Amino acid sequence: MNKNIAVIRGDGIGPEIVGQALRVLDRIAEKFGHTFTYEDVDMGGCAIDKWGEPLPRHMLDKCLASDSVLLGAVGGPKWDNVEPARRPEKGLLSLRGSMGLYSNNRPARLWPQLAEASPLKPSVVEKGIDFIVVRELIGGVYFGDHTTSEKNGEKEAVDIMAYTEHEIERIGRIGFETARKRRRKLTSVDKANVLDTSRLWRAVMHRLAEEYPDVEYSDMLVDNAAMQIVKDPSQFDVIVTENLFGDILSDEASMITGSIGMIPSSSLGAGSRGLYEPIHGSAPDIAGQNKANPIGTILSAAMMCRYSFDMAAEADAIEAAVEKALDAGLRTGDMMAEGCRLVSCSEMGDAILSYI
Ligand code: NAD
């Protein structure tokens, strides 16, 4: 297959970690007979310096013309005082909006080699943690009207939470399709005992479930889901939920797996094109020192293969190589532990390449 990937190296550690992910993709292309071509895109602080804005139109167009986008991270103290409309994050928000990305997908996977980094008890951790939270990204209470007014001599604040059937259906489908690419189990999280939006959510999800008889479907109330994620995370494969619940549950889910440098993410909309990025920021404190953990970005490239390019074997090969590097005791500074060997960003890349 030929795939055209828009590459946003960004700021801080971005260029270092993306550099390692591209080496991994090149190795995959060579091994599996694909051609990956890369279009460099300036976004974030580096684009402000070069073009005067965080995502110039001609750069956005490269992303819109690509098969998928790989991003390192943007931002840093140098641009903290830039006026709000031109800040580095504005580039990211405008990219998400222009690509129509309504689904944010964050895996929570505990690598057994890093088990001691999890705050959960060993008896819980040893059953394994490997699930993904699919969060609706552009609807619900974050996008409803927010007002504060005077009422009966005191202030009253109101936030509107709204969902339409089509907004629920499109994210629901991403949940089912994601489950089909994994262990075929989907948990839909809502608060249908209280909220109308959740009752509509549940009705739409039940309708969809009939189209996916091969996926084992269940509903769970959000308060119970928050408890089950720490009590027995091994029960989950894919969780699909609305924006506010997803924001909270996806942070809870990443916390139980340990290091921030390890966690990839994807954002998807209609069609197969997605935006793939590690969940961490540009880590200005270690930028330019070849110390960063590139694994979150390398695993984002694996997600790109699996979810946008339908390359499951290629994604498996990348994930297996990461596992072998961890098995060999190699660790970057953020996850260093006793008895392991401290390696640089590029040495971690070398090791992962050697295992593919
Ligand atoms: P951060 O995630 O960049 O760093 C938090 C801590 O984690 C730091 O100590 C850092 O060294 C460490 N860390 C993060 N990623 C690491 C990695 N791959 N390897 C090793 N250590 C790693 O968060 P922050 O310090 O709050 O933000 C720094 C900048 O990043 C800010 O300008 C912020 O706006 C931006 N940011 C960007 C994104 C994005 O591009 N999607 C996301 C979050 C923050």
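This tour visits a strand with its two partners, then a nonpolar patch on the surface. The model is predicted.

**Stop 1: strand β11.** Select residues 264-268, which make up β11. This strand is mostly covered, with five of its five residues buried. Now look at each face in turn. P264, S266 and L268 lie on one side, and they are buried. S265 and S267 lie on the other side, and they are buried too. Both faces of β11 are therefore covered, since buried means under 20% relative accessible area.

**Stop 2: strand β4.** Add residues 103-109, the span of β4. β4 and β11 run antiparallel and are joined by three bridges. To find the register, pick N105: S266 of β11 stands opposite.

**Stop 3: strand β12.** Next, select residues 274-278 for β12. This strand also pairs with β11 in the antiparallel sense, here over five bridges. Keep S266 highlighted. Its bridge partner in β12 is Y276. S266 thus has N105 of β4 opposite and Y276 of β12 as a bridge partner.

**Stop 4: the hairpin.** Follow the chain from β11 into β12. Five residues lie between the two strands of this hairpin. Select G271, which takes a positive phi near 85 degrees.

**Stop 5: the surface patch.** Move to I138, Y142 and F143. Together these residues form a nonpolar patch on the surface. Their combined accessible area is about 280 Å². Zoom in on F143, in the loop between β5 (130-136) and β6 (146-151). Is F143 buried or exposed? F143 is exposed, because its relative accessible area is 52% and the cut-off for exposed is over 50%.

Technical notes
Residues numbered from 1 in each chain as written. Predicted model: local features only at pLDDT ≥ 70, side-chain atom pairs only at ≥ 80, totals over all residues. Heavy atoms only, no water. Patch = residues over 30% accessible without salt bridge, like charges linked within 9 Å, V, L, I, M, F, W, Y side chains within 5 Å. Areas by Shrake-Rupley, 256 points an atom, 1.4 Å probe, with all protein chains shown as cover. Salt bridge = Lys/Arg side-chain N within 4 Å of Asp/Glu carboxyl O. Helix = DSSP H or I, 4+ residues; strand = E, 2+ residues; numbered from the N terminus. Buried < 20%, exposed > 50% of the residue type's maximum accessible area, 1.4 Å probe, protein only. Pairing = 2+ DSSP bridges.
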